[in-house]
Amino acid sequence: MANGAGNHYGFELPEELIMLRDQIRRFMREEVKPIEDTLPHDATGCAPADLARLRGLAEAMGLTRLTVPEEHGGNQLSALARAIVAEESAKCRLGGYAPALGAFGGGPPNILWSGTPTQIERYAKPCIDGAKRAFVAITEPTGGSDPRNNISTRAERRGDAWVLNGRKMWITAAKGADFGVVFARTKDGGGGAPPEITAFIVEPGFPGIEFNEIKVIRALSPYEIVLDNCEVPAENVLGEVGRGFGVAQAWLVDARIPYAAGCIGIAQEALDMACGWVKQRPTRDGMLADKQAVQWMIADSEVELRAARMLVYDAASKVDAGQPGKVDASVCKLYGTETAGRVVDRAMQMFGGMGMAKEMPLERWYRELRVKRIGEGPSEVHRMVIARDKLNRTDGGHYFG
Ligand SMILES: Cc1cc2nc3c(=O)[nH]c(=O)nc-3n(C[C@H](O)[C@H](O)[C@H](O)COP(=O)(O)OP(=O)(O)OC[C@H]3O[C@@H](n4cnc5c(N)ncnc54)[C@H](O)[C@@H]3O)c2cc1C
């Protein structure tokens, strides 16, 4: 790897973050890589015994619970540190959807920390050590880009329960999860006011819930969730009735920075692999690495990745300094995901036929990164958020920006 050591990007990372980054690089190289080399190309995780061992190692190195607040027994890192963890841990075949094959744990949806003490004990804490897994269901067939207006799943209060009716779409890994946070409309808008949205903790064992797999371009399937008079106990309202959207929005905005960082990690790995390949691939008159056409693909990729990484560091530093990071997070998400897609595409080009082979991780990353331009808000929505900020516009919908 050409860029293996030191603080080579010019951004003054604090010494402890350089150490964290190097520690994760070592963990990925020495512990994760040997396991993932044995996995089928479209695996979405590793064997439970391997995962338990990786978790134990990560725990011993202090690399777990990184998104869990200290008051809940976690080791919550700064936004900048989380971006670095996301970038380094995505440098594996499973890519951004399974950082270090799940070894880093600490994965309750952060919105759960706004729950009651009972909800936190019952739902959030078991996620930290991997005993429970959750999904988050916002998007519906009516559209995901403007969820506040598009959520038409209804929740009606009946005695001690809320009754949910509607359909959710594209919900990642919903089947097999122990519970999910489902957003539903509890009051229509009107007179210029938006509809009120409430978050509910829903278990798959509740009556009136059904999951249907949707096969998509990437390995990890999302699901349709059908809620047919699904009864949710009143104590499973997460946060306040009618305030679900605000909590979700703050959390999703925060998640965009590591989301972009993970994409950059995948693309950096692809570029480094391509650089290794072109140096050893002979042509009639020299190596592929001697060709200007190839060098330009490498140079463009390196420049774009450095720029994307700087945007991530900048946004994370602003968030850590307590400044509003909403537009910066959209900038990162837009540029990070689009850059990563371009870089992996160029890496595949440099590998030629080998770039198409399932035994290489490239085609998998390519498919995964395609989703990243849609998930967590499509590129167009983030462009709109950035443009509206530049133009001082406050009109329009209630996008996750
Ligand atoms: C594999 C996968 C996993 C997912 N996982 C989850 C999950 O776990 N939980 C969850 O809640 N959702 C999930 N989603 C849903 C995802 O967040 C939505 O697909 C996304 O927000 C876009 O919503 P939509 O598909 O309804 O597209 P639409 O809102 O119908 O938009 C379609 C396209 O129109 C364009 N567009 C939309 N609005 C505008 C605008 N205002 N201006 C210009 N162009 C616009 C964009 O190009 C957009 O891609 C997942 C999606 C996929 C594909």
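Alanine 155 lies in strand β2, which spans residues 154–158. The structure described here is a predicted model. With a relative accessibility of 6%, alanine 155 counts as buried, because buried means under 20% relative accessible area.

Once neighbours within four places in sequence are set aside, alanine 155 is in contact with Trp162, Val163, Leu164, Ala184, Arg185, Thr186 and Phe200. For one of these partners, alanine 184, the separation from alanine 155 is 29 residues in sequence and 5.9 Å in space, taken from C-alpha to C-alpha.

Strand β2 also holds arginine 154, whose partner aspartate 188 sits in the loop between β4 (179–187) and β5 (196–202). The side chains of aspartate 188 and arginine 154 form a salt bridge, with an N to O distance of 2.7 Å. This pair links distant parts of the chain, 34 residues apart. Aspartate 188 has a relative accessible area of 40% and is partly exposed. Arginine 154 is partly exposed as well, at 35%.

The whole structure contains 27 salt bridges. Three of them, including the pair just described, are set out below.

| Acidic residue | Basic residue | N to O distance |
|---|---|---|
| glutamate 31 | arginine 53 | 3.3 Å |
| aspartate 188 | arginine 154 | 2.7 Å |
| glutamate 363 | lysine 358 | 3.5 Å |

Glutamate 31 and arginine 53 meet through their side chains in a salt bridge. The pair connects distant parts of the chain: glutamate 31 belongs to helix α1 (residues 15–36) and arginine 53 to helix α2 (residues 48–60), with their positions 22 residues apart in the numbering. Glutamate 31 has a relative accessibility of 21% and counts as partly exposed, because the buried class is reserved for values under 20%. Arginine 53 is also partly exposed, with a relative accessible area of 41%.

In the salt bridge between glutamate 363 and lysine 358, the acidic residue is buried, at 9% relative accessible area. Lysine 358, by contrast, counts as partly exposed, at 42% relative accessibility. Both residues belong to a network of salt bridges that links Asp42, Lys358, Glu363, Arg364 and Arg367.

Notes: Residues numbered from 1 in each chain as written. Predicted model: local features only at pLDDT ≥ 70, side-chain atom pairs only at ≥ 80, totals over all residues. Heavy atoms only, no water. Helix = DSSP H or I, 4+ residues; strand = E, 2+ residues; numbered from the N terminus. Buried < 20%, exposed > 50% of the residue type's maximum accessible area, 1.4 Å probe, protein only. Contact = heavy atoms within 4.5 Å. Salt bridge = Lys/Arg side-chain N within 4 Å of Asp/Glu carboxyl O.
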